Amino acid sequence: MDERKDPAPAAGRRPTVAVAGRLSPVQEAWQRYVHHSLHQCVVCRSADGSPCDTAEGLYRAYQETAADAADQLAGRASPQGQ
Ligand SMILES: [Zn+2]
């Protein structure tokens with residue numbers, strides 16, 4: 001469970017949230033989660049390291065978005081439903 005404790009961005013590098021606007025839905029969903037847990041939320045950044053309900057919701061949304069994207073790439077999801 002050490003994955004959430006990424007080090008601070010290296011000097012001269014902007015946080016990944018700086019490029020919002022030209023990202024895929026999957027990237028945006030991931031960034032919302034990362035931004036919350038690394039920058040916005042005191043609970044997520046606590047020594048405990050347990051994600052709060054908001055973080056879990058954001059992570060779930062990311063997983064769903066990624067699954068939808070994978071389905072679309074695989075041609076399994078059709079807007080018309082067939
Ligand atoms: Zn949180």
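**Chat about a zinc site and two helices**

Colleague: Which residues does His36 touch, leaving out those up to four places away in sequence?
Modeller: His36 touches Cys41, Cys44, Cys52, Thr54, Ala55 and Leu58. Keep in mind that this is a predicted model.

Colleague: Where is His36, and is it buried or exposed?
Modeller: His36 sits in helix 1, which covers residues 25-40. It counts as buried because its relative accessibility is 8%, and the cut-off for buried is under 20%.

Colleague: Those cysteines in the list. What coordinates the zinc ion?
Modeller: The zinc ion is held by four atoms: NE2 of His36 and the SG atoms of Cys41, Cys44 and Cys52. They lie at 2.0 to 2.3 Å.

Colleague: What geometry does the site have?
Modeller: The site of the zinc ion is tetrahedral, and the angles among its 4 donor atoms run from 97 to 115°.

Colleague: What spacing do the donors follow along the chain?
Modeller: The pattern is H-x4-C-x2-C-x7-C. Of these donors, His36 and Cys44 are both buried.

Colleague: Back to helix 1. Which of its residues are buried?
Modeller: Ala29, Gln31, Tyr33, Val34, His36 and Ser37 are the buried residues of helix 1.

Colleague: What do they pack against?
Modeller: The buried residues of helix 1 pack against helix 2.

Colleague: Give me a residue on the helix 2 side. Where is Ala55, and is it buried or exposed?
Modeller: Ala55 belongs to helix 2. Its relative accessibility is 1%, so Ala55 counts as buried.

Colleague: What is Ala55 in contact with, beyond its neighbours within four places?
Modeller: Ala55 is in contact with Tyr33, His36 and Cys44. Tyr33 and His36 are among the buried residues of helix 1, and Cys44 is one of the zinc donors.

Colleague: How far apart are Ala55 and Val34?
Modeller: Their C-alpha atoms are 8.6 Å apart in space, and the two residues are 21 apart in sequence.

Colleague: Further along, what does Thr65 contact, again without neighbours within four places?
Modeller: Pro25, Val26 and Ala29 are in contact with Thr65, which is found in helix 2. The C-alpha atoms of Thr65 and Ala29 are separated by 7.2 Å, although these residues are 36 apart along the chain.

Colleague: How exposed is Thr65?
Modeller: Thr65 is partly exposed, because its relative accessible area is 23% and the partly exposed range starts at 20%.

Colleague: What span should helix 2 have, and does that agree or disagree with the model?
Modeller: Helix 2 has 21 residues (53-73), and at 1.5 Å a residue it should span 30 Å. The C-alpha atoms at its ends are 30 Å apart, so the two agree.

Colleague: What comes just after helix 2?
Modeller: Gly75 comes there, with a positive phi of about 75°.

Colleague: Different topic. How many salt bridges are there?
Modeller: The count is 1 salt bridge. Arg76 forms it with Asp71, and the closest N and O atoms are 3.1 Å apart.

Colleague: Are those two residues buried or exposed?
Modeller: Arg76 counts as exposed, at 60% relative accessibility. Asp71 is partly exposed, with a relative accessible area of 27%.

Colleague: Now the chain as a whole. How many helices and strands?
Modeller: The chain has 2 helices and 0 strands.

Colleague: What share of the chain is buried, and what area is exposed?
Modeller: Buried residues make up 13% of the 82 residues. The chain exposes about 6,500 Å², with carbon and sulfur atoms supplying 50% of that.

Colleague: And what share of the contacts join residues at least 24 apart?
Modeller: The share is 42%, taken among contacts between residues at least 6 apart in sequence.

Terms used:
Residues are numbered from 1 along each chain as its sequence is written. This is a predicted model: local features need pLDDT of at least 70, side-chain atom pairs count only at pLDDT 80 or more; totals for chains, interfaces and linings use all residues. Side-chain values use heavy atoms; hydrogens and water are left out. A salt bridge is a side-chain nitrogen of Lys or Arg within 4 Å of a carboxyl oxygen of Asp or Glu. Buried means under 20% relative accessible area, exposed over 50%, partly exposed in between (1.4 Å probe, protein chains only). Donors are N, O and S atoms within 2.8 Å of the metal (3.2 Å for Na, K and Ca); water is not among the atoms, so sites may look incomplete. Four donors count as tetrahedral if all angles lie between 85 and 135 degrees; four count as square planar and six as octahedral if opposite donors are over 155 degrees apart and all others between 65 and 115; anything else is irregular. Helices (H or I, at least four residues) and strands (E, at least two) are DSSP runs, numbered from the N terminus. The expected span of a helix is 1.5 Å times one less than its number of residues. Contact means heavy atoms within 4.5 Å. Accessible areas come from the Shrake-Rupley method with a 1.4 Å probe; for residues, only the protein chains shown count as cover.
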